[in-house]
2 protein chains.
Amino acid sequence: MSKSNVVIAIDAMGGDRAPDIVLEGAELALKARPDLKFILCGDEEVLKQKISTGSALLHAARFRHADRIVSMDAKPSQALRAARGTSMWEAVHAVKEGEANAAVSAGNTGALMAISKIILRTLDGAHRPAIAALWPTQKGRAIVLDVGANIEADAPQLVEFAIMGEAYARALLGVPRPKVGLLNIGSEDLKGRPEIREAAKLIRESQLDLDFTGFVEGCDIPDGMVDVIVADGFTGNIALKTAEGTAKLIAGFVRGAFKRSIWTKLSALVARPALNSIKDKLDPRTVNGGVFLGLNGLVVKSHGGADAFGFAAALDLTQRLTRQPFQEEIAANLARLRIQGCDRGAEATTTAGAIS
Amino acid sequence: MSKSNVVIAIDAMGGDRAPDIVLEGAELALKARPDLKFILCGDEEVLKQKISTGSALLHAARFRHADRIVSMDAKPSQALRAARGTSMWEAVHAVKEGEANAAVSAGNTGALMAISKIILRTLDGAHRPAIAALWPTQKGRAIVLDVGANIEADAPQLVEFAIMGEAYARALLGVPRPKVGLLNIGSEDLKGRPEIREAAKLIRESQLDLDFTGFVEGCDIPDGMVDVIVADGFTGNIALKTAEGTAKLIAGFVRGAFKRSIWTKLSALVARPALNSIKDKLDPRTVNGGVFLGLNGLVVKSHGGADAFGFAAALDLTQRLTRQPFQEEIAANLARLRIQGCDRGAEATTTAGAIS
């Protein structure tokens, strides 16, 4: 696999409207990056029928047959028992075999994480993988992790998340030295949960050379105060969902306000350019793609309900990441941490997987 | 104290711009409810000088002298050592003495909670007080608690918060049977943290007759799916701050979108009625007032940076609550819980106060 020919294994059967929007998304992504190659995992007959003759996708893709599908509502443990031979399994396995640089699926998140852990295994020094989400901010975009892989995280795990998120931010956001903050309920050193205070201490004492800001609060995420916000998966998920819900609420207020009377309806026509630019900024499709960090291989989760544009955005994010040495950076920093002994205790902690 | 003459003890020296905005806020509140009575706690000389002769406030208020102030950045433990004789202490003490129906302060939250606990003590059966915040939703307003009094909460404590929040919602929102949800990262029964799953079980097994919806996610808060959202103070605070930050972000996007060109600036003029109605809906001043629940007396925290309008909103919220038997309802439900033995274990749990 040369750097110029990125190969992405796609779980073509995963997601609310698969395989149609998956294939449409792949076509869209190809328009932007004609050098991309895909491995479409799923029912070969069905997929071939769905792709129109002459489509660029036929030339850019090869098929990896799988006649089974992971159900969207299966529990991770259930999904795992019947995972072999599913389109999701095949996509992740293509990464393991070195056939693909990364795997993308819009399927069941918990199952995807469980399958990825089984097939790819966690990176040396990473006790648990994390899911990193992109977050629109006043200054551009930030990365928040973990947003749901673990319901708890102890101090050494939070430090690992910081390392993983920092490398990801450098790779994707193009920030040479991403600022890293720990999500807490106050910015003072003495506030908040003990594991978060301990994680701050560990990062400061480490020789990791992270640009560590200290504690950040919920309001600092959309503010863009830091590039990477570190939290356990429970807290990160609550923050992410609350922000999504708030954005939806306000979008509803805006729509409602312009529908109140003939006058406001007319004013909406006049204000359309401005209103459209707000809509674009809040378009969740542009930040689609939850990246699984801490595995021996790259797996990206597209939102299950994303449309073709959203799926294409996840593919674009994936191909960008494959062109960056961020996995190597993570591995190197985790190794440094191990040498310093800062990962002490992580293994002894019982953390029940949020998704298992 | 008759029901028609509500007396509110005001910490006149607490808040970023005290006493000026506090006095202005009190005057505003009086305009809406001329029957209100105040006890203004603070430097009597200073306060009297600030109130203009002929102001209705002079007739509605009496003074309770305090020549000291709790500093806005003092830690709760520090504040507590020097609390006696401060304006905050006097305001809360007026409630204890039965001089006032409630106390309101825009000062240091942690100090106010610590002082309130010392003076008023927690209600029988409430292991810890909680701070409840109002939250604008698609359907009106919801109540979220705890938003910062405790960094952790075990299952019995979460059940107590549910009881306190439910009574508060009935009193303030006028909903006869408020729907109650537990904040979690998935709506399925098996998801999330163990203490939250256990709390759901306790509520279902109790004979409290709460309208309990089960688990809600972050996105369900602004959606208005339930009237009361229960969380530990860490999670609730993260959600609240994240929502505030998101609203600010989007407000910034809206402003920016209408400032891009001459055309969009002109369209903003045309769209002003619609834009103003959005601004009103998102005005944080209308949801000002964090209510301390679980104490033998009512204490309300106004945002430290709130203006006179915001402080008046907190006073209005307070006077509404004093006219409702919600404290009695909380006490009765906590007693019922105790009889059922559902509060088992709460005392054994070590919870470090987020604010202590």
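In chain B, helix α1 (residues 20-32) and helix α13 (residues 308-322) have axes that come within 7 Å and cross at roughly 55°. That angle makes α1(B) oblique to α13(B). This is a predicted model. The points below cover that helix pair, then the two domains of chain A, then the meeting of chains A and B.

**Helix pair in chain B**
- The crossing of α1(B) and α13(B) is right-handed.
- On the α1(B) side, the contact is made by I21(B), V22(B), E24(B), G25(B), A26(B), L28(B), A29(B) and A32(B).
- On the α13(B) side, A308(B), F309(B), F311(B), A312(B), L315(B) and D316(B) make the contact.
- By class, this contact of α1(B) with α13(B) has 11 nonpolar residues, one polar residue and two charged residues.

**Domains of chain A**
- Chain A is divided into two domains, each built from two stretches of sequence.
- Domain 1 of chain A takes in 7-124 and 286-320.
- Domain 2 of chain A takes in 130-253 and 329-348.
- The C-alpha centres of these two domains of chain A lie 26 Å apart.
- Where they touch, 14 residues of domain 1 of chain A are in contact with 19 residues of domain 2 of chain A.
- On the domain 1 side of that contact in chain A, α6 (109-120), β10 (290-293) and α13 (308-322) each supply at least two residues.
- Strand β10(A) gives the largest share of that side, four residues.
- By class, the side of domain 1 of chain A that touches domain 2 of chain A has seven nonpolar, four polar and three charged residues.

**Interface between chains A and B**
- The contact joins 49 residues of chain B to 49 residues of chain A.
- Four helices of chain B give two or more residues each to the side that touches chain A: α9 (220-223), α10 (233-257), α11 (262-270) and α12 (272-281).
- Helix α10(B) provides the largest share of that side, 20 residues.
- The residues on the chain B side that touches chain A divide into 26 nonpolar, 14 polar and nine charged.

**Symmetry of the two chains**
- A turn of 180° and a shift of 0.0 Å along the axis lay chain B on chain A, with an RMSD of 0.0 Å.
- That is the relation of a two-fold axis.
- The copies meet through the same surface, because 100% of the interface residues of chain B are also interface residues in chain A.

Technical notes:
Residues numbered from 1 in each chain as written. Chains lettered and ligands numbered in written order. Predicted model: local features only at pLDDT ≥ 70, side-chain atom pairs only at ≥ 80, totals over all residues. Axes fitted to C-alpha atoms, helices over the stretch in contact; angles between N-to-C directions. Parallel < 35°, antiparallel > 145°, perpendicular 65-115°, else oblique. Left-handed = near helix turned anticlockwise from the far one by under 90°. Contact = placed C-beta atoms within 7 Å. Nonpolar A, V, L, I, M, F, W, Y, C, P; charged D, E, K, R; others polar. Domains from an automatic or database assignment. Least-squares fit on C-alpha atoms with pLDDT ≥ 70 in both.
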